[in-house]
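Okay, thanks everyone, let me put the structure up on the screen. I'll walk through a few pieces of it and then get to the interface.

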2 protein chains.
Amino acid sequence: MVTMHDVARAAGVSLMTVSNVINDHPHVKQGTRERVLEAIDALNYKVNVAARNLRSGRTGTIGLAVPEIDRPYFGQLAALVIERAAARGFRVAVEQTGASRENELEALAASRIRLYDGLLLSTVGLGPADADLLNVEYPVVLLGERIFDGPVPHVAMPNVEGARSAVEHLISQGASRIAFIGSPESLSEIGASGLRVRGYREAVEGAGLAFDSRLLFRTASFSMPEGARVAGMLINSGVDVDAVFCANDSLAFGVLRRLADSGVRVPDDMLVIGFDDVLEARYSIPSLSTVAPDHVQMATAAVDLLAARIAKAGTAAEPTELVSDYRVVMRESTSV
Amino acid sequence: MVTMHDVARAAGVSLMTVSNVINDHPHVKQGTRERVLEAIDALNYKVNVAARNLRSGRTGTIGLAVPEIDRPYFGQLAALVIERAAARGFRVAVEQTGASRENELEALAASRIRLYDGLLLSTVGLGPADADLLNVEYPVVLLGERIFDGPVPHVAMPNVEGARSAVEHLISQGASRIAFIGSPESLSEIGASGLRVRGYREAVEGAGLAFDSRLLFRTASFSMPEGARVAGMLINSGVDVDAVFCANDSLAFGVLRRLADSGVRVPDDMLVIGFDDVLEARYSIPSLSTVAPDHVQMATAAVDLLAARIAKAGTAAEPTELVSDYRVVMRESTSV
DNA sequence: TTGTATGCGTTATCAG
DNA sequence: CTGATAACGCATACAA
């Protein structure tokens, strides 16, 4: 392993001159610089990042903890985060928490945390009860969900508002028996799904319709298979339904598929709307109406907030909260 | 920042004893161990990974360079890689190359490379001409494509064979005018797309059909928008086509969408088959027939190969090559 | 403009 | 079983 020592010797200069060249320090004579660069090239020297990290106390890497990177929403989020982070000189290490509260806490508490300059935690399992646990002396930014009064800066989806608008849209299209398909904590008012149920309820009641808990269908996750499974239960339940609001797009794709299997036509027999506006929503058949948060804005804000936290390490975190803009995108699945 | 020093002082032992406790060395008396652990707990000590890395010369992190993490195939691949790597004690940092040859080389050559113990490079832009550049004294495993006689171990898709089987399937379903939709290097016989064209050609000619270059449609990328765009060109070209083989599933989804827009029914008027078998293929409408490589096998093999390379660092890389098993999954898009 | 000395936090080695 | 010492490779502070 070739070190700065070797380069220095080869170039006939001191260790420090090599360091200065590498770090673009101003006071190096042109000739010296060139000699050093040549030596670096000749020896194929690469800086030892571990040593630099040890010296500087920084790693240049931020952690991104998401439930599952293979879900379109998180893949698309990760792409943006990686891009933004790169622009700020950070690499991104991705951790998968599998959407479990334990793993999210683990990601937060793990000793490995010191590997990263900061952590971007896309949480789904943590609730207000865990607020204390987030009180770590470590740069953390929450992404994607709101935690009531959390001590950590977070960038949130417009869960309640977006859901309300989505359901209002369904109602404006003539729906009156609207089902909600979402995740297990749907009924407990915390987490993304819970907040979206709240928006759903506000819209339903705001329109003078009855909030009927038999129209709430619980899923075990936010995935296509679960969407399909629960849509099957909905169909077999015999409950009268003319529209479905899904807690995310992946669920909606599963629902569309299951409805097609049963010969239920969308939008003719049933309206379907999702949440997230993943790329696929534009291309599904029928194309999927959905709530579109501003993904770029969210990723940018999250990385910027985290970078700021990292920069002024030691300072107490101000519990900044940013809620993304959104709009309801109307596509075929709700076009009457 | 609390260090081992602090812990040692608090526990009334030496630095080394703390180190030995942390690393589960055998020769530490029970009582001492407990005292140290208590101190660690009380002070909330966490090991400094940078220092450990400097000492050990390893980082515990591998890099995964993919074109775009927001494409379903790569998201699903990354999920598996991260999982397998975690099982072997490695973290995974994801880099996006944007599918450009420059960025792939950059990922390979960057000084940052020393940040990782090894690199998993999912290449699309590199060709045989770049074989030399891969001759780095650094653990690298190529993923997803074959490079002729490359000096680096690689885990490859069954590009030629899979494509041949896909097209043979189309033919067995009665197709005779089969279009290929794939990426720009389609005609030059390198890269995933080129290899898939080869399989396409073998199947077509093997069935006694004419290989007609007017049936080859070039895309600028492997994305849904490109699939839709090129499908539009196909429709407007007036060329007589009764089936389409797409170089990947994302292109196929775009094609399905565009065909639907033009009232072309799948599979009644046109058969469509893809490549990759991403999760979405099972849920699209119509569901997508496709070539299914063994993703788990590929991810596992890639991580295992890389881990092996890392373990015996210094040794010359044996150019191991592993081609994934595959099968053609028949779904609605080719069910006559 | 360049060089010297020092320490970042950890662990291998070897002595006690 | 435990401890003293010396690196790992780099960059800061300061001296020349």
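Let's start with a backbone question: which residue just after α7(A) takes a positive phi? Before the reply, one caveat: what you see is a predicted model. Right, so the residue is G174(A), with a phi of about 105°.

Now the helix that comes before that glycine. α7 of chain A runs over residues 159-172, which makes 14 residues. From its first C-alpha to its last, α7(A) reaches 20 Å, close to the 20 Å expected at 1.5 Å a residue. Which of its residues are buried? Here's the list: N159(A), V160(A), G162(A), A163(A), S165(A), A166(A), V167(A), H169(A) and L170(A). And what do those buried residues pack against? A good number of elements of chain A: there's helix α8 (191-206), and then the strands β6 (178-182), β8 (243-246), β9 (271-275), β10 (289-293) and β12 (326-329).

α8 comes up again when you look at salt bridges. In α7(A), R164(A) meets E202(A) side chain to side chain in a salt bridge, 2.7 Å from N to O. E202(A) sits in helix α8 of chain A and R164(A) in helix α7 of chain A, so this pair ties together parts that are 38 residues apart in sequence. Buried or exposed, you may ask, for E202(A)? In between: E202(A) counts as partly exposed, at 33% relative accessibility. R164(A) is partly exposed as well, with 27%.

That's one of 28 salt bridges over all chains. A couple of others to click on. In chain A, R265(A) and D269(A) meet through their side chains at 2.9 Å, N to O. In chain B, R265(B) and D269(B) form a salt bridge too, at 3.0 Å. D269(A) is partly exposed, with a relative accessible area of 33%, and for D269(B) the value is 33%, partly exposed again. There's also a network of salt bridges that links R84(A), R88(A) and D304(A).

R84(A) takes us to the next helix, α5 of chain A, residues 72-87. How far apart are its end C-alpha atoms? They are 23 Å apart, and since 16 residues at 1.5 Å a residue should span 22 Å, that agrees. α5(A) is mostly covered, with 12 of its 16 residues buried. Among them are P72(A), Y73(A), F74(A), L77(A), L80(A), V81(A) and I82(A). After α5(A) comes G89(A), another residue with a positive phi, near 85°.

Let me hop over to chain B for a moment, for a single serine. Where is S122(B)? You'll find it in the loop between β3 (118-121) and β4 (140-143) of chain B. At 3% relative accessibility, S122(B) counts as buried. Leaving out residues up to four places away in sequence, S122(B) touches A65(B), V66(B), P67(B), F74(B), L77(B), E104(B) and L143(B). Take L77(B) from that list: in sequence, S122(B) and L77(B) are 45 residues apart, while their C-alpha atoms are 9.8 Å apart in space. With L143(B) there's something polar, as the side chain of S122(B) reaches the backbone oxygen of L143(B) at 3.4 Å.

Okay, last part, the interface. How many residues does each chain put into the contact? It's 51 residues from chain A and 52 residues from chain B. About 4,000 Å² is buried between the two chains, and carbon and sulfur atoms give 65% of that. On the chain A side, R114(A), R257(A) and Y283(A) supply 19% of the area that chain A buries against chain B, more than any other three residues.

On the polar side, there are two salt bridges between chain A and chain B. One pairs E332(A) with R257(B), where the closest N and O atoms are 2.5 Å apart. Eight residue pairs are in polar contact across the interface, both at pLDDT 80 or more.

And which elements of chain A give two or more residues to the side that touches chain B? Those are α4 (49-56), α5 (72-87), β2 (91-96), α9 (224-237) and α10 (249-261). The largest share, seven residues, comes from α5(A). By type, that side of chain A divides into 27 nonpolar, 11 polar and 13 charged residues.

That's my tour, happy to rotate anything you want to look at.

Definitions and conventions. Residues are numbered from 1 along each chain as its sequence is written. Chains are lettered from A and ligands numbered from 1 in the order in which they are written. This is a predicted model: local features need pLDDT of at least 70, side-chain atom pairs count only at pLDDT 80 or more; totals for chains, interfaces and linings use all residues. Side-chain values use heavy atoms; hydrogens and water are left out. Contact means heavy atoms within 4.5 Å. Buried area is the accessible area (1.4 Å probe) that two parts lose on being put together, summed over both. A salt bridge is a side-chain nitrogen of Lys or Arg within 4 Å of a carboxyl oxygen of Asp or Glu. A polar contact is a pair of N or O atoms within 3.5 Å; within protein, one must be able to donate a hydrogen and the other to accept it, and residues adjacent in sequence count only if both atoms are side-chain atoms. Helices (H or I, at least four residues) and strands (E, at least two) are DSSP runs, numbered from the N terminus. Ala, Val, Leu, Ile, Met, Phe, Trp, Tyr, Cys and Pro count as nonpolar, Asp, Glu, Lys and Arg as charged, and the others, Gly among them, as polar. The expected span of a helix is 1.5 Å times one less than its number of residues. Buried means under 20% relative accessible area, exposed over 50%, partly exposed in between (1.4 Å probe, protein chains only).
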